[in-house]
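Work through the exercises below with the model open. Try each task before reading its solution.

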Amino acid sequence: MRVNEKAPAKLNLSLDTPMRYFDGSPRWDMVMTSADLADYVTVETHRRPTTIKVYTDSGFLPNDQRNLAYQAAHILKSRFHCREGVTIHIRKNIPVAAGLGGGSSDAAAVLRALNRIWRLGLSLDELAKIALTIDSDVPYCVYSRLAHVTGHGEKIELLPAQPHYWAVIAKQQISVSTPQILRQINYEQLEHLDNERLIVSLKAQNWQEAVKYMGNVLEPVTMSFYPEIKQLKDKMVSLGADVAQMSGTGPTVFAVCHTESRAKRIQNSISGFCRDVHVVTLL
């Protein structure tokens, strides 16, 4: 049996971390949404061979157990004693190592697909609990819709859908190491966000109020290594973005606009020095 799944990119409308857990991992407090920039994942099962195979059209991704999509298939196969083999084809559109959760979204797509193929009957909530064993972003990506995400990434409060806004997503030719950035966090110096007021504004669908409370507390950390990220953000703001900020630990910067024409203007203005630029709608 074969199933196709869309794997949207995720964006952090807000990203905060109030503290570290005893194991050293961050406790997250984030508002996340997804964008209409997506990978496309095809999952097929077969009786022979009974192995897991991953194929992508990107030369930058591993196709073995290091791949999160592979891990997703392995976890469901092992947990539910499914003997069939799995072949996964991933068509990449989300930039790799960009802070957009491409690998996590691919893994979530595999979980949803195999849940259907093997008729496991798992709810999205149950899939999200399994997803946490793969990566902290995978539980959110199981839903891929506006949500408040806390804890290790496992506590997810879905929020009302917003009117469609436009986003300009731009990734410079920079590679950011997430573990390195997380190790550099000085919690005494972080300027924390007011996510409660952001969520109230989003629930009221008051976008102009919501943008006042968006942000990413990791920007100063990543920008201290890569000042060109701040330059790109400042450029987007100067061109009229409602808000511009880094997603995840970077290096991607996104600008949100209430009109497509403004988004196109920003895209045209920055495409000369940033080749990987996309204009998309927020889901």
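The exercises cover two strand residues, one strand and the empty spaces.

This is a predicted model, in which local features need pLDDT of at least 70, side-chain atom pairs count only at pLDDT 80 or more, and totals for chains, interfaces and linings use all residues. Residues are numbered from 1 along each chain as its sequence is written, and side-chain values use heavy atoms, with hydrogens and water left out.

**Exercise 1. Place Asp-39 and find the polar partners of its side chain.**

Step 1. Locate the residue. Asp-39 belongs to strand S2, residues 26–46. Helices (H or I, at least four residues) and strands (E, at least two) are DSSP runs, numbered from the N terminus.

Step 2. Check accessibility. Asp-39 is buried because its relative accessibility is 0%. Buried means under 20% relative accessible area, exposed over 50%, and partly exposed in between, with a 1.4 Å probe and protein chains only.

Step 3. List the polar atoms. The side chains of Asp-39 and Lys-92 make a polar contact of 2.5 Å. A polar atom of the Asp-39 side chain also lies 2.9 Å from the backbone nitrogen of Ile-94. A polar contact is a pair of N or O atoms within 3.5 Å; within protein, one must be able to donate a hydrogen and the other to accept it, and residues adjacent in sequence count only if both atoms are side-chain atoms.

Step 4. Widen the search. Leaving aside neighbours within four places in sequence, the contacts of Asp-39 (heavy atoms within 4.5 Å) include Glu-5, Ile-90, Gly-102 and Asp-106.

**Exercise 2. Is Thr-45 buried or exposed?**

Step 1. Thr-45 also sits in strand S2.

Step 2. Its relative accessibility is 6%, so Thr-45 counts as buried.

Step 3. Beyond four places in sequence, Thr-45 is in contact with Met-1, Glu-84, Gly-85, Val-86, Leu-114, Ile-117 and Trp-118.

**Exercise 3. Which strands pair with S7, and in what sense?**

Step 1. Apply the rule: two strands pair if DSSP finds at least two bridges between them.

Step 2. S7 pairs with S10 (residues 253–257) in the antiparallel sense, over five bridges. Here Val-168 faces Ala-255.

Step 3. S7 also pairs with S11 (residues 276–281), again antiparallel, over six bridges. Ala-167 stands opposite Val-280.

Step 4. Check burial. S7 (residues 166–171) is largely enclosed by the rest of the structure, because five of its six residues are buried.

**Exercise 4. What is the volume of the largest pocket, and what lines the pocket?**

Step 1. Set the terms. On a 1 Å grid over the protein atoms alone, a cavity is a set of points where a 1.4 Å probe fits but cannot get out, and a pocket is an open set with protein on both sides within 12 Å along at least five of seven lines; lining residues have an atom within 4 Å of a point. Grid points are joined across faces, edges and corners, and a volume is the space filled by probe spheres set on the points.

Step 2. The largest pocket holds about 880 Å³. Of its 36 lining residues, the closest to the centre are Gly-101, Ser-104, Asp-135, Asp-137 and Thr-178.

Step 3. Helix H2 (102–117) is among the contributors. H2 gives the most, four residues.

Step 4. The lining has 15 nonpolar, 15 polar and six charged residues. Ala, Val, Leu, Ile, Met, Phe, Trp, Tyr, Cys and Pro count as nonpolar, Asp, Glu, Lys and Arg as charged, and the others, Gly among them, as polar.

**Exercise 5. How many cavities of 30 Å³ or more does the structure hold?**

Step 1. There is one. The largest cavity has a volume of about 80 Å³.

Step 2. Its lining has eight nonpolar, two polar and no charged residues. Among them are Leu-13, Thr-33, Gln-162 and Trp-207.
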